[in-house]
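User: Please take one part of this structure and look at it closely. Start with how its strands are put together, then go on to other features I should find on screen. Keep it plain, as I am in my first year.

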Amino acid sequence: MADDYLVRIGKLIRDARQHRGWTQAQLAEALGTSQSAVNRIERGNQNISLEMIARIGEALDSEIVSLGYAGPMHLRVVGGRRLSGSIDVKTSKNACVALLCASLLNKGRTVLRRVARIEEVYRLLEVLNSIGVRTRWVNDGKDLEIVPPAQLDMDSMDAEAARRTRSIIMFLGPLLHRMDHFKLPYAGGCDLGTRTIEPHMIALRRFGLDITATEGIYHAVVEPSTGPSRPIVLTERGDTVTENALLAAARHDGVSVIRNASSNYMVQDLCFFLEALGVRVDGVGTTTLTVHGVPNIDVDVDYSPSEDPVEAMSLLAAAVVTGSELTIRRVPIEFLEIELAVLEEMGLDHDRTGEYEADNGRTRLVDLTVRPSKLEAPIDKIHPMPFPGLNIDNVPFFAAIAAVAQGQTLIHDWVYDNRAIYLTDLNRLGGRLQLLDPHRVLVEGPTRWRAAEMMCPPALRPAVVVLLAMMAAEGTSVLRNVYVINRGYEDLAERLNSVGAQIEIFRDI
């Protein structure tokens, strides 16, 4: 059996195990073998018989190898269908990955409620498991339990998994409190152009962290007992930069002031979680955060991350583009107010319920009903700003929305080097988008969508935008290799099907 087949089978076994919510140790126990053997099988580093594959399939209640199951996942979309009914917003992808990184601050047991079952989370769990952190899905797979070891085994880190997620960069803040030197692979994730970690380093150097980069590895050295003597001013009001500074400040024995901080939804969720760990954070929701660090954190904590405003925007856009009436429940309204204000000016017909609390007791939710609307292009350009402005990740959805509006809309996606380029993939589906430069797109509407077969863009939000356009296009479209969508959305095709879409998941033979 060729090595590449061993690797592919190993990945299928790993995915089936994670889908069931088992750890490698639980699968090993069911098979009567060792966890290290399961680890080697999943990495493709061990020959495996058909009998063993059958035993694993039986244990996991999954057909591991079958015709059409080894290749990448694709979507076949029968478009032109109206959506109806109601759909719940899942918990925030970006909050969940930040909280997984933050769990490294705690010596005790962490339980996160309703964690998003997405590829980005799975990659981080693989990294955490490889360095000795015990994780398991509990309560019928709804919640995640995390128990760290006394000592992390950084030499055993799953580098392949680490390189497939940019979230690994948020290990820097917690790890600088646990060891005086360590290594991390370069961060990966979406293809969004050059993204330097220098803003992270400007903040983390104040806590004694120094990094040199060689051959795809960050080599970190920590000067113990170092802390900021004056406020930290972030050179970029970025979400992950702010989160890394918060994670470093959380166990610093003293008070840290972080200025020009992001106040976005995932940062607020992280602050609420730190408060549950016993770390006082003043200024949550503002651009100045004051962190009263706790040098030793050893508590059993139970926390519920809030709902995802970007997923809410995705579902809202699905209703608009398909001309549907749809109720989107559990929308974190504080983080979608600007988008709704822009859409109201464009002519969106919608209403919302009164506000109620998310499970974290802090985030404000509403149920939002969107109805078919005759939209006009906005007078002003669509462009993102740090919270409370229009969310950076919501900008791509306006490309699809603008395509069904009357007139010309200018979209200025100034944050990322090449994400705007991917929006022109909508032209394959009948859109009329003109790329003015790597950051600006002119969208002409309304659009008569047409079916097409195409590869998935390598960036998460543009990929979902293409899927939404396929849902609006009469006929059958195919979107190939949708791993990037699975990075950020849990069971998106099945959930859209539940409100009237017709999307089939398939793999090549």
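Analyst: Start with a term. Two strands count as paired if DSSP finds at least two bridges between them. Keep in mind that this is a predicted model.

Now the sheet. Four strands make it up, and the sheet is open. Read across it, the order is 21-22-1-23. The pairing is mixed. Which strands stand at the edges? They are strand 21, residues 453-455, and strand 23, residues 503-507. Each has a single partner strand, so one side of each has no neighbour in the sheet. Neighbouring strands here are turned against each other by 20 degrees on average, with direction ignored.

Zoom in on one pair in this sheet. Strand 1 covers residues 73-79 and is joined to strand 23 by five bridges. The two run antiparallel. To find the pairing on screen, pick leucine 75: the residue opposite, in strand 23, is isoleucine 505.

Next, move to strand 20, residues 440-445. What does strand 20 pair with over six bridges? The partner is strand 18, residues 407-412, and the sense is antiparallel. Strand 20 pairs with strand 19 too, residues 432-437, over five bridges and again antiparallel. Look at valine 441 in strand 20. Valine 441 is the bridge partner of isoleucine 411. Leucine 435 stands opposite valine 441 as well. A hairpin of two residues links strand 19 to strand 20.

Follow the chain on from there. The peptide bond from glycine 445 to proline 446 is cis, and omega is near 0 degrees. Proline 446 sits in the loop between strand 20 and strand 21. That loop leads back to the sheet we began with, where strand 21 is an edge strand. Another cis peptide bond joins phenylalanine 387 and proline 388, with omega about 15 degrees. Proline 388 is in the loop between strand 17 (364-371) and helix 14 (395-403).

Other loops deserve a stop. Serine 225 is not a glycine, yet its phi is positive, at about 60 degrees. Serine 225 lies in the loop between strand 8 (217-222) and strand 9 (232-233). Is serine 225 buried or exposed? Its relative accessibility is 84%, so serine 225 counts as exposed. Asparagine 260 has a positive phi of about 60 degrees too, and is not a glycine either. Asparagine 260 belongs to the loop between strand 10 (255-259) and helix 11 (265-276). With a relative accessible area of 24%, asparagine 260 is partly exposed.

Glutamate 334 is in the loop between strand 14 (326-332) and helix 13 (337-346). Glutamate 334 counts as partly exposed, at 22% relative accessibility. Compare its place with methionine 201. The two are 133 residues apart in sequence, and their C-alpha atoms are 30 Å apart in space.

Now for the cysteines. How many disulfides does a search of the whole structure find? The count is zero. A disulfide needs two cysteine sulfur atoms within 2.5 Å. Why does cysteine 96 have no bond of this kind? Its closest cysteine sulfur, in cysteine 101, is 11 Å away, which is too far for a bond. Cysteine 271 is in no disulfide either: the nearest cysteine sulfur is that of cysteine 101, at 15 Å. Cysteine 96 is buried, with a relative accessible area of 1%. Cysteine 271 counts as buried at 1% relative accessibility.

Last, look inside. Rolling a probe the size of a water molecule over the atoms shows where empty space is left. A search of the whole structure finds one cavity of 30 Å³ or more. The largest cavity has a volume of about 80 Å³. Its lining includes Arg17, Trp22, Tyr122, Asn129, Trp137 and Leu144. Which elements each supply at least two of the lining residues? They are helix 1 (3-20), helix 6 (119-130) and strand 4 (134-138). By class, the lining has five nonpolar, five polar and two charged residues. Arg17 and Arg136 are among the lining residues, and arginine counts as charged.

Notes
Residues numbered from 1 in each chain as written. Predicted model: local features only at pLDDT ≥ 70, side-chain atom pairs only at ≥ 80, totals over all residues. Heavy atoms only, no water. Axes fitted to C-alpha atoms, helices over the stretch in contact; angles between N-to-C directions. Buried < 20%, exposed > 50% of the residue type's maximum accessible area, 1.4 Å probe, protein only. 1 Å grid on protein atoms, 1.4 Å probe; cavity = no way out; pocket = protein on both sides within 12 Å on 5 of 7 lines; lining within 4 Å. Points joined across faces, edges and corners; volume = space filled by probe spheres on them.
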